[in-house]
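Visitor: Hello! Could you walk me through this structure, a pocket to begin with and then the DNA?

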Number of protein chains: 2
Amino acid sequence: MKTLSIKDIAVQANVSITTVSFIINGKAKEKSISEAVIEKVERIIEESGYKPNQIARSLRTGNSNIIGLIIEDISNSFFSRIARLIEDKAYKRGYKIIYSSTENNVDKAKELINMFKSRKVDAYIISPIKGIEEDINMLLTDNKPVILFDRNLPNVDTNYVGADHFNASYQSIESFIKQGKKNIALVTTDIDVQQITERYDGYKKALEDHGITYGDNLVVKIPFNQEEAATISQIKALLQSQKIDAVLFATNYLAISGLKVLKQINKQIGDDFAVIAYDDHEAFELHTPSISTVQQPLEEIAETVIKMILSQLSSKTKLENQQVIIPAKLIIRD
Amino acid sequence: MKTLSIKDIAVQANVSITTVSFIINGKAKEKSISEAVIEKVERIIEESGYKPNQIARSLRTGNSNIIGLIIEDISNSFFSRIARLIEDKAYKRGYKIIYSSTENNVDKAKELINMFKSRKVDAYIISPIKGIEEDINMLLTDNKPVILFDRNLPNVDTNYVGADHFNASYQSIESFIKQGKKNIALVTTDIDVQQITERYDGYKKALEDHGITYGDNLVVKIPFNQEEAATISQIKALLQSQKIDAVLFATNYLAISGLKVLKQINKQIGDDFAVIAYDDHEAFELHTPSISTVQQPLEEIAETVIKMILSQLSSKTKLENQQVIIPAKLIIRD
DNA sequence: GAATTAAAGTAAAACGTTTTACTAAATTCA
DNA sequence: TGAATTTAGTAAAACGTTTTACTTTAATTC
């Protein structure tokens with residue numbers, strides 16, 4: 001069974017292709033097609049199950065009703081949750097999402113942008129990494145809406161939605177200090193993206209503001225794509241070699257590894273050892289004791305991103321760029 | 001800056017569009033294009049950064065190098081992990097993945113299939129639900145490769161890859177019984193898909209084979225899309241109203257809710273109360289005590305799925321359908 | 001040195017839409 | 001009543017490729 005084309009419908013209805021096209025696209029009235037013809041064509045379309053070929057449509061119109069979503073890693077729950085929310089909201093407004101993970105690899109990210117470009121996606125939602133500034137700028141000169149989220153890129157002048165990582169991190173450390181902690185460690189990653197460096201800066205500033213000297217030996221930067229076993233031994237080394245009474249983990253997966261270490265070396269979280277994890281995870285609430293976290297407002301981020309995209313897509317003129325920074329919430333548990 | 005087309009390249013190189021096309025598609029040799037021309041064109045393409053318009057290409061060739069992946073819910077870690085693996089493997093072989101979540105909603109699932117169809121994806125990987133048999137059969141008559149995974153659909157004659165849910169469930173119950181457990185409950189979902197009913201059947205059969213009478217009062221079916229709070233109170237009711245010494249949770253998210261209940265009602269997992277969760281989750285290893293789980297071989301499933309797809313795509317003739325059932329692993333922790 | 005074959009390349013159709021510019025008939029207007 | 005306008009619809013170009021069938025020139029064969 002060959003798939004139907006608009007031509008088949010036209011032939012069956014005894015009208016021109018143009019007429020069918022007008023009807024499909026709701027322009028029948030404006031193009032003064034008679035009620036009778038409209039009904040006939042619609043009936044035939046309905047009965048035959050004809051669906052317009054989106055590829056042909058895209059080729060002709062230059063847009064696709066597809067939004068490209070580029071994230072770090074779909075298997076990370078922060079991203080998969082936000083992807084789900086974004087997909088859902090986009091879907092309700094008639095857009096589809098294609099997503100793909102960069103794995104923090106510059107080449108892959110560039111390739112993804114190219115592939116989205118050659119597939120003519122209408123807009124881009126990107127959780128970026130350093131090194132793709134130029135590629136993003138090309139999209140902007142092409143007049144494609146681009147929204148960065150989670151992390152910003154200094155040399156790119158576009159829209160951004162993200163949480164206030166600096167303050168969330170600052171408050172986390174402050175809460176440690178209020179509990180009387182003195183030797184506060186930071187476990188972070190080595191990738192050089194704004195959202196991570198902000199967490200680092202917040203850590204440092206909070207210490208300084210409270211008269212605690214910052215020490216490099218209390219900060220460990222874990223390489224991004226490394227095996228978990230290596231991560232675990234780095235964290236173990238940190239905890240065993242230093243006197244530490246509190247740790248801020250800069251991502252949820254680092255915290256997971258950290259908790260495994262605690263289990264292994266039998267170190268208890270409690271009055272004299274505290275932990276906060278950046279980005280919530282199902283495991284944290286469940287953990288005994290449950291783990292305090294910095295919660296990003298996923299719903300709000302997703303909603304803001306989609307709204308920005310849609311207003312850009314529907315406006316003829318280039319809109320003013322917006323930078324939306326949403327406060328993150330420190331959830332102290334137990 | 002207008003984006004470049006093959007025509008621009010042809011003009012610049014002073015050759016015909018055809019020639020450029022041959023070169024792009026590696027048919028230059030076979031079509032006897034001279035070395036000199038090949039080099040010139042390739043240089044121009046390289047310098048200009050020209051990338052073929054995939055939309056136009058798809059329209060002409062009828063395929064897209066895109067594989068559609070339809071899953072239940074991308075924010076569930078089982079699916080997001082497998083999506084990542086599939087994406088990765090497909091990517092390495094030159095295919096892109098578009099994915100979308102059905103949320104176990106028949107209408108959405110049908111719409112997704114239609115939308116993939118009108119976008120001319122080359123093949124489909126589907127974790128199906130009841131009610132879309134007809135739609136899948138239409139894909140098959142269109143001669144599109146379709147691989148079902150995680151769960152099979154009785155009335156659809158196509159390829160399937162999944163874990164041996166029945167035996168995994170059976171073994172879980174058996175392991176409870178060997179520990180001397182007598183009152184074994186099952187917390188499952190109400191969706192009527194094969195992978196879930198198999199888990200149920202395994203539960204029932206294991207009880208019967210070991211001379212334990214099955215009781216409806218020990219099985220609770222949680223509605224799929226319900227708020228977690230409701231789930232929690234259902235599970236709480238089960239645990240508090242019955243004498244129960246072991247529970248099998250049929251999905252990881254149900255187990256998570258279950259663990260929250262245990263925490264709330266202060267029930268300890270230990271010698272006289274055991275738990276097994278179907279599908280692993282980061283929270284389980286970390287939990288105190290850590291939680292035994294049925295682990296599906298994600299890597300193997302993903303690899304099998306991709307291999308099937310690729311062999312179908314590269315073969316001219318319709319291949320024999322394959323049903324691959326992979327054993328799942330019961331991981332007893334603590 | 002004419003006929004044949006090979007080499008190097010091209011023109012044009014086709015994929016399935018949307019959209020612009022057009023036509024023919026019917027209606028309104030003055 | 002004839003011109004102007006409205007109604008109802010259509011032909012054909014365009015989007016950017018791939019691919020088939022073709023042409024022209026050069027090389028080879030006998």
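**The second largest pocket and DNA strand C**

Guide: Gladly; please keep in mind that this is a predicted model. Helix 6 (106–118) and helix 7 (133–141) of chain A, along with helix 1 (6–13), helix 2 and helix 4 of chain B, each contribute at least two residues to the lining of the second largest pocket.

Visitor: Which helix gives the most to the lining of the second largest pocket?

Guide: The pocket has a volume of about 1300 Å³. Its lining counts 44 residues, with B:L4, B:Y50, B:K51, B:P52 and B:N53 nearest the centre. With 6 residues, the one that gives the most is helix 4 of chain B.

Visitor: How many residues of that lining are nonpolar, polar and charged?

Guide: Here the lining of the second largest pocket is sorted by residue class. The division is 14 nonpolar, 17 polar and 13 charged.

Visitor: On to the DNA: what percentage of the DNA strand C atoms within 4 Å of the protein belongs to sugar and phosphate?

Guide: Around DNA strand C there are 28 residues, and A:I6, A:K27, A:R60, B:T19 and B:S34 come nearest. Of the strand's atoms within 4 Å of the protein, the sugar and phosphate share is 58%.

Visitor: Which base atom of DNA strand C does a polar side-chain atom of B:T18 lie 2.9 Å from?

Guide: Let's take three contacts in turn. The side chain of A:S21 has an N or O atom 2.7 Å from a phosphate oxygen of DNA strand C. A:R60 places a polar side-chain atom 2.4 Å from a base oxygen of that strand. For B:T18, the partner at 2.9 Å is a base nitrogen.

Technical notes:
Residues are numbered from 1 along each chain as its sequence is written. Chains are lettered from A and ligands numbered from 1 in the order in which they are written. This is a predicted model: local features need pLDDT of at least 70, side-chain atom pairs count only at pLDDT 80 or more; totals for chains, interfaces and linings use all residues. Side-chain values use heavy atoms; hydrogens and water are left out. A residue is near a molecule or strand if one of its heavy atoms lies within 4 Å of it. A polar contact is a pair of N or O atoms within 3.5 Å; within protein, one must be able to donate a hydrogen and the other to accept it, and residues adjacent in sequence count only if both atoms are side-chain atoms. On a 1 Å grid over the protein atoms alone, a cavity is a set of points where a 1.4 Å probe fits but cannot get out, and a pocket is an open set with protein on both sides within 12 Å along at least five of seven lines; lining residues have an atom within 4 Å of a point. Grid points are joined across faces, edges and corners, and a volume is the space filled by probe spheres set on the points. Helices (H or I, at least four residues) and strands (E, at least two) are DSSP runs, numbered from the N terminus. Ala, Val, Leu, Ile, Met, Phe, Trp, Tyr, Cys and Pro count as nonpolar, Asp, Glu, Lys and Arg as charged, and the others, Gly among them, as polar.
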